[in-house]
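Biologist: Could you walk me through this chain, starting with one residue and then working outward?
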Amino acid sequence: MDVFMEQVVEKTPTNRDKMLELWAKVSAFALAFGLVLASIAFFPYIAPLALFFGAAAVWLSFRLSKKLVIEYEYAFTNGELDVDKIIGKSKRKRLCSVQIGTITSFGIWNDDMEVEADSTMVIASDNSGELAEYYMDFKYKDYGDTTLFFSPNAKMLELIVPYLPREIKRTYQGGADR
């Protein structure tokens, strides 16, 4: 019997994301207002062109703010976990794909832990704290030693655990992490 599940986790915007969105919108409106005001005051014959460029700046700022909406999709199929990043609900990028049987460690992440210095971090968690953040260490063909941070729900964990290597499953079920 095939095992398949998808989970979509929306990344909670950070303060940096919120400030970037606010800065883009405010600066676009200021540019649009300045262009229209300057064209009316000094060059009234190019007012339609200034209005067009102002509207284009506002439109671009809203496009940029849409790109700050990020979701992560975890697709689990028969022991393989695929992690995709979805930008603005339209563009998809594969972050990594891992056979669960080949991982070297797995568990709940806490702030006291450290990532190996030469390990590549793939962060695909919700960033909100609602779901527990898990880590998974493995070798990936594109990145080498890799640590994946993700926020699976209980049902996704139920599907992942049977595919864990025996020694990791034993320590994970026993509660000992890293």
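Modeller: Gladly, and please keep in mind that this is a predicted model. Let us begin with Leu31, which has its place in helix α1.

Biologist: Is Leu31 buried, partly exposed or exposed?
Modeller: Leu31 has a relative accessible area of 46%, and because partly exposed covers the range between 20% and 50%, Leu31 counts as partly exposed.

Biologist: Which patch does Leu31 help to form on the surface?
Modeller: Leu31 belongs to a nonpolar patch together with Leu35, Phe42, Phe43, Tyr45, Ile46, Leu49, Phe52 and Phe53, and these residues have about 970 Å² of accessible area together. The elements that give two or more residues to this patch are α1, which spans 15-41, and α2, which spans 47-67.

Biologist: And which element gives the largest share of the patch?
Modeller: That is α2, from which three residues of the nonpolar patch come.

Biologist: Staying with helix α1, what about Leu20, where is it and how exposed?
Modeller: Leu20 also has its place in helix α1, and with a relative accessible area of 29% it is partly exposed. If you look for Leu64, you will find that it is 44 residues apart from Leu20 along the chain, while the C-alpha atoms of the two are separated by 9.2 Å.

Biologist: Let's change topic to Asp82. Where does it sit, and is it buried or exposed?
Modeller: Asp82 lies in strand β3, which is made of residues 80-87. Its relative accessible area is 14%, and since buried means under 20%, Asp82 is a buried residue.

Biologist: What does the side chain of Asp82 join up with?
Modeller: There is a polar contact of 2.4 Å between the side chains of Asp82 and Ser97. If we leave aside residues up to four places away in sequence, Asp82 touches Glu73, Tyr74, Ala75, Arg94, Cys96 and Ser97.

Biologist: Next, the loops on either side of that strand. Which residue between β2 and β3 should I look at?
Modeller: Look at Asn78, which lies in the loop between β2, residues 70-77, and β3. Asn78 is not a glycine, although it has a positive phi of about 45°, and with a relative accessible area of 34% it is partly exposed.

Biologist: What about Lys89, where is that one?
Modeller: Lys89 is placed in the loop between β3 and β4, the latter covering 91-99. Lys89 has a positive phi as well, of about 55°, although it is not a glycine, and its relative accessible area of 58% makes it exposed.

Biologist: Zooming out now, how many helices and strands are there?
Modeller: The chain has four helices and eight strands, and when you read along the sequence they follow the pattern β-α-α-β-β-β-β-β-β-β-α-α.

Biologist: What is the radius of gyration, and what would a compact globule have?
Modeller: The chain has a radius of gyration of 23 Å, whereas a compact globule of 178 residues would have one near 16 Å. Taken along the principal axes, the C-alpha atoms fill a box of roughly 75 × 40 × 30 Å.

Biologist: How much of the chain is buried, and what is the accessible surface like?
Modeller: Of the 178 residues in the chain, 37% are buried. The accessible surface comes to about 11100 Å², and 59% of that belongs to carbon and sulfur atoms.

Biologist: Last one, what share of the contacts joins residues at least 24 apart?
Modeller: That share is 63%, counted among contacts in the chain between residues at least 6 apart in sequence.

Note on methods: Residues numbered from 1 in each chain as written. Predicted model: local features only at pLDDT ≥ 70, side-chain atom pairs only at ≥ 80, totals over all residues. Heavy atoms only, no water. Patch = residues over 30% accessible without salt bridge, like charges linked within 9 Å, V, L, I, M, F, W, Y side chains within 5 Å. Areas by Shrake-Rupley, 256 points an atom, 1.4 Å probe, with all protein chains shown as cover. Salt bridge = Lys/Arg side-chain N within 4 Å of Asp/Glu carboxyl O. Buried < 20%, exposed > 50% of the residue type's maximum accessible area, 1.4 Å probe, protein only. Polar contact = N/O pair within 3.5 Å; in protein donor to acceptor, adjacent residues only side chain to side chain. Contact = heavy atoms within 4.5 Å. Rg over C-alpha atoms; globule rule 2.2 N^0.38 Å.
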